[in-house]
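Take a look at the chain shown below. This report goes through it part by part.

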Amino acid sequence: MDFKVNSSDLLKAISHIHGVVEIRHTLPILSNMIITAKDGRLKLCSTNLDIYCSDQVNAEIVSPGEISVSASTFHEIIKRLPNGSDLHATLDEESSSLILKCGRSKFNLTTMKTDDFPTIADSDLDTNFVLSAAELIRMIDKTKFAISNEETRYFLNGLYFNVTNEDNKNIVTLVGTDGHRLAKFSQEINENIEVVSGVIIPKKTIYELSKLLSEFDDDVNISISSNKIVFIVGDIIFVSKLIDGSFPDYKRVIPNDNKNILKINRDKLLSAVDRVSTIANDKSPVIKFK
C-alpha cells in the first residue's frame, strides 16, 4: 500500500470517525481504524460493535491496499502536521509497519491485519427518507438534554424516533425523557414514506451524529430496520444498532387539558433564571416558580 494525501483533508475525515473508537476495548482491533486505499480514494472506518462510521477523501493511490492502525495514535500524529501539507504513507511488507512521511517528519506505526475487523451490516433496511442536516440537528438539540443516564432503565438511554401520518402529513418525532422531564420535537417532512412505529436511538449515537451534522448543510439519507438505523451525508456512512426495548407512552405524560398557561418573554425569563440559579447548589438544585 502506497498513497499520498493532503493532511488537512485526512484530519477532517479522521475527526468524523474518531469518536466511535473505544480506546480501551477488550478486542485490540476495535481500538484501530481501517485504512483502505483504492481507485483514487482513501476510505477510513471504525466501529465499537454498536456503531460503525466511515468517511472518504481524495488521494493519490500509488499502490492499493488495506490495513488497520491505532486510531488514537494516527489521529494525534495527523493533527500535529502542518495544515495543508502533503503526507506520504507506505506499508513496509516485511515489518508490517505503516511509514508516514511529511516534510522532515517520519513515523513508523505498527499495524494489524483487517481480517478480524467486525462490521455492522446495513442491509434489510425497510424505510428510507431524507431530512436536511439542519432540520435533524435542530430536532436533536431540542431533545437530547432529556436523555437518561440511568443504566438500569436502558430503554431511556436514547431518543425515541418515529414517523406518523397526521392529516395526510408525514411527521417525524424525537422524544427524550429521564423519568423526571420530557422533551418532544416534531417536524413535518414532504416525502411520502412508510409509518415508523418507533425505535430508540442510543445516546452515544445521538451525540456522535450531532457532532457530524454540525459541519454539513446537505441532505441526510436515513434508512431504518427493526434493529439498525443508517445515516448517509456526503461521503460519510454512519450505522448504529438500536436499543431493544419499549419506550414509555410519552403521550400520556403530556397534559391535554391544562388551563394554567403563561406567556412570557424568553430572554427576560432566561435572565431571571440565570440570576436566581447563582445560589442554587448540588444539594438543592431547585428554582421555584409561582
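Which residue in S4 is the bridge partner of Ser46? The partner is Cys53. Keep in mind that the model is predicted.

## The chain as a whole

Start with the overall picture. The chain has 290 residues, and 43% of them count as buried. Its secondary structure comprises five helices and 17 strands. The C-alpha trace spans about 75 × 50 × 35 Å along its principal axes.

Now consider surface and contacts. The chain exposes about 17,000 Å². Carbon and sulfur atoms supply 46% of that area. Take the contacts in the chain with a separation of 6 or more: residues 24 or more positions apart account for 66% of them.

## Strand S2 and its partners

Strand S2 covers residues 32–38. Six of its seven residues are buried, so S2 is largely enclosed by the rest of the structure.

S2 pairs with strand S6, which covers residues 65–70. The two are antiparallel and share six bridges. One pair to find is Ile34 with its bridge partner Ser68 in S6. S2 is also joined to strand S3, residues 41–47, by five bridges. Again the sense is antiparallel. Here Thr36 stands opposite Lys43 in S3, and Lys38 has Arg41 in S3 as its bridge partner.

## Two hairpins through S3

S2 and S3 form a hairpin, with two residues between the strands. Asp39 sits in the turn and has a positive phi of about 50 degrees.

Next comes S3 itself. Five of its seven residues are buried, so S3 is largely enclosed by the rest of the structure. Strand S4, residues 51–58, runs antiparallel to S3, and seven bridges join them. The Ser46 and Cys53 pair belongs here, with Cys53 in S4. S3 and S4 also form a hairpin, with three residues between the strands. In this hairpin, Leu49 takes a positive phi near 80 degrees.

A general point helps when viewing strands. In a regular strand, side chains alternate between the two faces of the sheet.

## A closer look at Ser223

Ser223 lies in strand S15, which covers residues 219–224. Is Ser223 buried or exposed? Its relative accessible area is 11%. The cut-off for buried is under 20%, so Ser223 counts as buried.

What does the side chain of Ser223 make with that of Asn128? The two side chains make a polar contact at 2.4 Å. Asn128 is one of several residues in contact with Ser223 beyond its neighbours within four places in sequence. Leu125 and Thr127 are in that list. So are Lys228, Ile229 and Val230.

## Salt bridges

How many salt bridges does a search of the whole structure find? It finds eight. Three of them are described here, starting with Asp178 and Arg181. Their closest N and O atoms are 3.2 Å apart. Asp178 is buried, at 17% relative accessible area. Arg181 is partly exposed, at 42% relative accessibility.

The side chains of Asp267 and Arg266 meet in a salt bridge, with an N to O distance of 3.1 Å. Asp267 and Arg266 are both exposed. Salt bridges that share partners also build one network from Glu76, Lys79 and Arg80. Within it, the side chains of Glu76 and Arg80 meet at 2.4 Å, N to O. Glu76 is partly exposed, with a relative accessible area of 31%. Arg80 is exposed, with a relative accessible area of 59%.

## A nonpolar patch on the surface

Which residues make the nonpolar surface patch of about 450 Å²? They are Leu262, Ile264, Leu269 and Phe289.

Find Leu262 in the loop between strand S17 (236–241) and helix H5 (266–276). Its relative accessibility is 69%. The cut-off for exposed is over 50%, so Leu262 counts as exposed.

Technical notes. Residues numbered from 1 in each chain as written. Predicted model: local features only at pLDDT ≥ 70, side-chain atom pairs only at ≥ 80, totals over all residues. Heavy atoms only, no water. Buried < 20%, exposed > 50% of the residue type's maximum accessible area, 1.4 Å probe, protein only. Helix = DSSP H or I, 4+ residues; strand = E, 2+ residues; numbered from the N terminus. Pairing = 2+ DSSP bridges. Polar contact = N/O pair within 3.5 Å; in protein donor to acceptor, adjacent residues only side chain to side chain. Contact = heavy atoms within 4.5 Å. Patch = residues over 30% accessible without salt bridge, like charges linked within 9 Å, V, L, I, M, F, W, Y side chains within 5 Å. Areas by Shrake-Rupley, 256 points an atom, 1.4 Å probe, with all protein chains shown as cover. Salt bridge = Lys/Arg side-chain N within 4 Å of Asp/Glu carboxyl O.
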